[in-house]
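Visitor: I have a structure to look at and some terms I do not follow. Could you take me through them?
Guide: Gladly. Here it is.

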Amino acid sequence: MDKLVALCKRRGIVFPSSEIYGGLGSTFDYGPLGTELKRNVKEAWWRSTVQERADVVGLDSAILLHPRTWAASGHLASFADPMVDCKGCKQRFRADDAGGPRCPRCGGELTEARSFNLMFKTFMGPVEDTAATVYLRPETAQGIFLDFAEVVDTQRAKLPFGVAQIGKAFRNEITPGNFIFRTREFEQMELEFFVRPDPQEEARWFEHWVNARFEWYVRYGISRERLRLRPHAQSELAHYSRGTTDIEYRYPFGWGELEGVAKRGSFDLDRHSEFSGRDLSYFDEATRQRYRPWVIEPSAGVDRSILAFLLDAYAEDVVEDEKRVVLRLDPRLAPVKVGVFPLLRKAGQPEKAHAVFDLLKRRCMVVFDAAGSIGRRYRRQDEVGTPFGVTIDHETMQDDTVTLRYRDSTKQDRVAIAALPARIDELIGWED
Ligand code: ATP
């Protein structure tokens, strides 16, 4: 983990935020390469969750929602005090009620106190009083529930269907840490999938989404052995959940949640109907019945996914007697797809290399690098996961072919410049 954190900082992937002011507790910035990686991870999720399906649409709701939202969702009530949980009997206590380091009920070990005033508060408008208090959303999901009727009406959506959203969420975590695993500002990729209120229908879609989401991580390069499913015990279920299974990754600090798939039932639509006075029900034309659908929610963290993709890709090997660090990222996720290198800084090679750069830049992220020995330039791209290198040399000037080098095998091929765009597309594997 330390090596990865150092690499991320050294190469501008992810680094502590506000460093010139000494940093701000556990907030991170994604640098130029990390920004590309993050875009690609979100794109990959969007592709499989929205684009490739006929039954899911997207949404981009506001971060600041009406404060009643959080009364209805239960976040205001359940996030109100520092709490401790007993690791033994799972009983939850207010920290001050526990009265000591051990569980007052069974004597078991207690977790660290977590403030359930987890929501960041701020004020809307010029007056800073309770009437103007608004919250930064602690999950993106609620925006989807608030807009349920809007989506059904405007999209003529028929069950089962889902609404997907990617966006920032904020939690005033008491114990942030492990790099970007737990931070106070993070990004979520959430889907609320609405189904008929029927236990069989719910079970069927729950299984579908647990599998689909597990396979998504595998599809983009995470090894199966480092993934597992962990169903929650009844006692650890969130207040809204009728059943949750976590997809966990084996981080260097142990198994940790990557994503939670929860059965939210009709909890949220019920509560928002009650609190807003607007009936958020659905009219089923087939049965001529009106009801509030049940929800299956796969909720993934962008940052935790990125951490898992990076950890899984990180490798050290030896190439030509030299130690090398390489990120074996799936080409579709890699921040830069192709490095373009003129072997010499003369003899027309840089100009030719710029022409190749221009040829490829419309299809994918490309970098141009003319500095240092060719071996050094390859290594620089290997350690940030660039899957392909294109070298322009004296032969290029004669026959318009280039050397195409592969990050993982370090093997090299000779390819005609004219054939390069199609070859790169094929190698990236966009259509998969
Ligand atoms: P944890 O138990 O680790 O605090 P959680 O069960 O509270 O997580 P959920 O409410 O299920 O998390 O949120 C869904 C997803 O959002 C998580 O699986 C995770 O990927 C991401 N996430 C939640 N909290 C954080 C955080 N503080 N930093 C980064 N990602 C987070």
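Visitor: What makes α2 and α10 roughly perpendicular to each other?
Guide: First, a caution: this is a predicted model. The axes of α2 and helix α10 (residues 302-313) cross at roughly 105 degrees. Angles of 65 to 115 count as roughly perpendicular. So α2 and α10 are roughly perpendicular to each other. Their axes come within 10 Å.

Visitor: Which residues make the contact of α2 and α10?
Guide: Leu-37, Lys-38, Val-41 and Lys-42 take part from α2. From α10 come Val-302, Asp-303, Ser-305, Ile-306, Phe-309 and Leu-310. By class, that contact has six nonpolar, one polar and three charged residues.

Visitor: Why are α2 and α8 called oblique to each other?
Guide: Helix α2 (residues 32-51) and helix α8 (residues 199-219) have axes that cross at roughly 135 degrees. Roughly perpendicular covers 65 to 115, and roughly antiparallel needs over 145. The angle of roughly 135 degrees fits neither, so α2 and α8 are oblique to each other. The two axes come within 11 Å, and α2 passes α8 in a right-handed crossing.

Visitor: How do you know that α2 and α8 meet, and which residues do it?
Guide: Contact means heavy atoms within 4.5 Å. In α2, Val-41, Ala-44, Trp-45, Arg-47, Ser-48 and Thr-49 meet Arg-213, Trp-216 and Arg-219 in α8. By class, this contact has four nonpolar, two polar and three charged residues. Val-41 of α2 is also listed in the contact with α10.

Visitor: What are the domains, and where do they lie in the chain?
Guide: The domain assignment gives domain 1 (2-64 + 125-310) and domain 2 (336-428). Their centres, taken over C-alpha atoms, are separated by 38 Å. Seven residues from domain 1 and six residues from domain 2 make the contact.

Visitor: How much area do domain 1 and domain 2 bury between them?
Guide: About 550 Å², with 52% of it on carbon and sulfur atoms. On the domain 1 side, Arg-11, Leu-33 and Glu-36 lose the most area to domain 2. Together they account for 67% of what that side buries.

Visitor: What is the peptide bond from Leu-159 to Pro-160, cis or trans?
Guide: That bond is cis, with omega near -10 degrees. Pro-160 is found in the loop between α7 (148-155) and β9 (161-170).

Visitor: What makes Ser-18 worth a look?
Guide: Ser-18 has a positive phi of about 55 degrees, although it is not a glycine. Ser-18 lies in the loop between β1 (14-16) and β2 (28-30).

Definitions and conventions
Residues are numbered from 1 along each chain as its sequence is written. This is a predicted model: local features need pLDDT of at least 70, side-chain atom pairs count only at pLDDT 80 or more; totals for chains, interfaces and linings use all residues. Side-chain values use heavy atoms; hydrogens and water are left out. Axes are lines fitted to C-alpha atoms, for helices over the stretch in contact, and angles run from 0 to 180 degrees between N-to-C directions. Helices (H or I, at least four residues) and strands (E, at least two) are DSSP runs, numbered from the N terminus. Angles under 35 degrees count as roughly parallel, over 145 as roughly antiparallel, 65 to 115 as roughly perpendicular and the rest as oblique. A crossing is left-handed if the near helix is turned anticlockwise from the far one by less than a right angle, and right-handed if clockwise. Ala, Val, Leu, Ile, Met, Phe, Trp, Tyr, Cys and Pro count as nonpolar, Asp, Glu, Lys and Arg as charged, and the others, Gly among them, as polar. Domain bounds come from an automatic or database domain assignment. Buried area is the accessible area (1.4 Å probe) that two parts lose on being put together, summed over both.
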